[in-house]
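Work through these exercises with the structure in view. Try each task before reading its solution.

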Amino acid sequence: MHYFTAVLSESWHILSDSSVYVIFGIVAAGMLKVFLKPSTVAGHLGSGRFSSVFKAALLGVPLPLCSCGVLPAAASLKKQGANNGAVASFLISTPESGVDSIALTYALMDPIMTVARPGAAFAAAVTAGITENLLHPPAKTPIPLFDLSRSVDSCCNGTDCSSEAHQGGRSFRQQVKAGLVYAFGEVWGDLAVWFFTGLLLAGVISVLLPMELASAHLGGGLGSMMIMLVIGIPFYICATASTPIAATFLLKGVSPGAALVFLLVGPATNITSLTVLPSVLGKRGTAIYLASLSLVAVLSGLALDSIYSSLGISARAVLGKAAELVPHELGVLGAVLLLLISVNPVRRKIVSRFPGRDESAHRTGPHGLHSQDSQINSSCSSGSSCGCSNG
């Protein structure tokens, strides 16, 4: 009973420290959905051996999609003419970061890790994309414009009208309202279960993992990076849910570099997505994807440890200092708000585990993105290892 209450206490502490930043992140995700024009995005991802890769990596960094949720979007990009390098770049940068997880990283860790995380994600994405396009140059054909939008209001169904139709008939105030509805409805609805799972795991690690054991095996060096790589590749955890776990690792003496490896490979890979990737990228593209991600993750981890060491900064000493900028009462209020808006998503997740549940919600891919690949849809909607928006 003592351990149970200790885990809950640690989890609540992390939640209250991070709640305001989580809310900021999901609101930003909602605004991106409303104000980012999909047709504009689509026009940049098909042409150019290198430019399309950089653009896809930049696009993926702020988007709130997980490693399974991004698969239908990536398949749609490819079917509409995006080259393999751009698709691979998008597949890596998107699940590894997002405006919500970046805000949470700042709250629970420190500014160095906040910059290193999306920076390493971008580097891994660009490395994989350029390597793919160098080995298999894309055809020099223009990409047709298409619409990735989904309905965030009642103007149409999101597939039979352009993104401009969503935007043209609404005032700025109406668009902001639509973004908030999307943020606290769909984004948080997909994220809630995984976020609280991550909080509980962080509480368990904080209470049960001996500091001596973590420091001895994960305190830095190539061996620590390889251990985290082996743990992270098959294990599924979305970007937002992985953040409190990584922060707890740091508190236990795990090196910042090893924690970064976990933050990169955990959200970007899992058993389910690895079985589907060959249908999107091909076998060679999947091998390049894994090799580039692993190599950049390990090198980034070693580089990050060197940065902390050269600056004379202890990651444990500066851990969570940003959370102190938020008044305690505001953090508690934010935590209560997150708990309240999580009741329905958690209830739906529990109900969905029982036989005879309504399958209509799974007719489209995660986040309503209509996949044209039945294998992707079935793997991402039926598997128990995915279902969050980011991470």
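**Exercise 1. Find what P244 touches, leaving out residues up to four places away in sequence.**

Solution. This model is predicted.
Step 1: locate the residue. P244 sits in helix α12.
Step 2: list the partners. P244 touches I14, L104, L108, G198, L199 and A202, not counting residues up to four places away in sequence.
Step 3: take one partner and check the backbone. The C-alpha atoms of P244 and L104 are 8.3 Å apart, although their positions lie 140 residues apart along the chain.
Step 4: decide on burial. The relative accessibility of P244 is 1%, under the 20% cut-off, so P244 counts as buried.

**Exercise 2. Place V254 and say whether it is buried or exposed.**

Solution.
Step 1: V254 belongs to the loop between α12 and α13.
Step 2: its relative accessibility is 3%. Buried means under 20%, so V254 is buried.
Step 3: look at the neighbours. Beyond four places in sequence, V254 is in contact with A214, L218, M228, F249 and A259.
Step 4: look further along the chain. V254 and R316 are 62 residues apart in sequence, and their C-alpha atoms are 9.2 Å apart.

**Exercise 3. Classify the aromatic pair of F249 and F262.**

Solution.
Step 1: count the pairs. The whole structure holds 6 aromatic pairs.
Step 2: read the geometry of this one. The ring centres of F249 and F262 are 5.6 Å apart, with 90° between the planes.
Step 3: apply the cut-off. An angle over 60 degrees counts as edge-to-face, so this pair is edge-to-face.
Step 4: place the partners. F249 is in helix α12 (residues 239-251) and F262 is in helix α13 (residues 256-268), 13 residues apart.
Step 5: check cover. F249 and F262 are both buried.
Step 6: turn to another aromatic group. W188, F195 and F196 make up one cluster.

**Exercise 4. Compare the span of α13 with the expected 18 Å.**

Solution.
Step 1: count residues. α13 has 13.
Step 2: take the span. From first C-alpha to last, α13 reaches 19 Å, close to the 18 Å expected at 1.5 Å a residue.
Step 3: add burial. In α13, 13 of 13 residues are buried.

**Exercise 5. Sort S294 and I231 into buried or partly exposed.**

Solution.
Step 1: S294 lies in helix α14. Its relative accessible area is 16%, so S294 is buried.
Step 2: beyond four places in sequence, S294 is in contact with L229 and I233.
Step 3: I231 lies in helix α11 (residues 222-232). Its relative accessible area is 40%, so I231 is partly exposed.
Step 4: the C-alpha atoms of I231 and G266 are separated by 8.0 Å, with the two residues 35 apart along the chain.
Step 5: add L274, in helix α14 (residues 271-311). Beyond four places in sequence, L274 is in contact with I233, T269 and L290.

**Exercise 6. Which residues have the most contacts inside the largest nonpolar core?**

Solution.
Step 1: the largest core has 87 residues.
Step 2: F90, L91, M113 and W188 have the most contacts inside it.
Step 3: follow L91. Leaving aside neighbours within four places in sequence, L91 is in contact with V70, L71, A74, L277, V280, L281 and Y289.
Step 4: find the other core. It lies apart and has 5 residues, among them Y21, A107, A322 and V326.
Step 5: set this against a general tendency. In soluble globular proteins, nonpolar side chains tend to be buried together.

**Exercise 7. Describe the whole chain, then find where confidence is lowest and highest.**

Solution.
Step 1: the chain has 17 helices and 0 strands.
Step 2: it has 391 residues, and 54% of them count as buried.
Step 3: among contacts between residues at least 6 apart in sequence, 86% join residues at least 24 apart.
Step 4: the mean pLDDT is 78, and 76% of the residues reach 70 or more.
Step 5: confidence is lowest in helix α17 (residues 374-382), with a mean of 47, and highest in helix α7 (residues 111-135), at 93.
Step 6: mark the weak stretches. The pLDDT is below 50 over residues 142-160, and it stays under 50 over residues 359-391.
Step 7: draw the caution. Where pLDDT is low, the predicted coordinates should not be read in detail.

Methods:
Residues are numbered from 1 along each chain as its sequence is written. This is a predicted model: local features need pLDDT of at least 70, side-chain atom pairs count only at pLDDT 80 or more; totals for chains, interfaces and linings use all residues. Side-chain values use heavy atoms; hydrogens and water are left out. Rings of Phe, Tyr and Trp (its six-membered ring) pair if their centres lie within 6.5 Å; planes under 30 degrees apart count as stacked, over 60 as edge-to-face and the rest as tilted. Helices (H or I, at least four residues) and strands (E, at least two) are DSSP runs, numbered from the N terminus. Buried means under 20% relative accessible area, exposed over 50%, partly exposed in between (1.4 Å probe, protein chains only). A nonpolar core is a set of buried Ala, Val, Leu, Ile, Met, Phe, Trp, Tyr and Cys residues joined through side-chain atoms within 4.5 Å. Contact means heavy atoms within 4.5 Å. pLDDT is the predictor's confidence in each residue, from 0 to 100. The expected span of a helix is 1.5 Å times one less than its number of residues.
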